[in-house]
Amino acid sequence: MDSSALRDKLHHYIDVADEQKLQAIYVLLENEIDWSYTSKDIALLHHRRQQHLQGLSKSFTIEESLEAIRPITD
């Protein structure tokens, strides 16, 4: 099974799992979850914001972003 299919299955399982199973999954993964940013990450975000505000980087509207991530259907 490729990683995309595995992610889809896990997302679905999490959506339908009961509270006890969600707690068990969280306990297994909690040491892997890191939501903090380093000072280097924050500096990069500030740099990118300044580039955007000065018109030095390419920006996209919400519509353009959504269009780019939607699957192509024929």
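Here is a short walk through the model, stop by stop.

Before you click on anything: this is a predicted model, in which local features need pLDDT of at least 70, side-chain atom pairs count only at pLDDT 80 or more, and totals for chains, interfaces and linings use all residues. Residues are numbered from 1 along each chain as its sequence is written, and side-chain values use heavy atoms, with hydrogens and water left out.

**Whole chain, cartoon view**

Start with everything selected. You'll find four helices and zero strands, in the order α-α-α-α from the N terminus. The radius of gyration is 19 Å, well over the 11 Å that the globule rule gives for 74 residues, so the protein is more spread out than a compact globule. (That radius is taken over C-alpha atoms, and the rule is 2.2 Å times the number of residues to the power 0.38; helices are DSSP runs of H or I with at least four residues, strands runs of E with at least two, numbered from the N terminus.) Along the principal axes, the C-alpha trace spans about 50 × 45 × 20 Å.

**Surface on**

Now show the surface. About 7,500 Å² is exposed, and carbon and sulfur atoms supply 57% of that (Shrake-Rupley method, 1.4 Å probe; for residues, only the protein chains shown count as cover). Just 1% of the 74 residues count as buried, where buried means under 20% relative accessible area, exposed over 50%, and partly exposed in between.

**Select Ser4**

Ser4 sits in helix α1, residues 3-16. With 42% relative accessibility, Ser4 is partly exposed. Draw a C-alpha to C-alpha distance to Ile33: the two are 29 residues apart in sequence and 20 Å apart in space.

**Select Asp18 and Lys21**

Here's the one salt bridge in the structure. Asp18 pairs with Lys21, their closest N and O atoms 3.8 Å apart; the criterion is a side-chain nitrogen of Lys or Arg within 4 Å of a carboxyl oxygen of Asp or Glu. Asp18 is partly exposed at 39% relative accessibility, and Lys21 is partly exposed too, at 41%.

**Select Tyr26, Val27, Leu28, Leu29, Ile33 and Trp35**

Last stop: these residues make a nonpolar surface patch of about 720 Å². Patch members have over 30% relative accessible area and no salt bridge; nonpolar side chains (Val, Leu, Ile, Met, Phe, Trp, Tyr) are joined within 5 Å, like charges within 9 Å. Zoom in on Val27, which belongs to helix α2, residues 19-29. Val27 counts as exposed because its relative accessibility is 52%.

Definitions and conventions
Buried means under 20% relative accessible area, exposed over 50%, partly exposed in between (1.4 Å probe, protein chains only).
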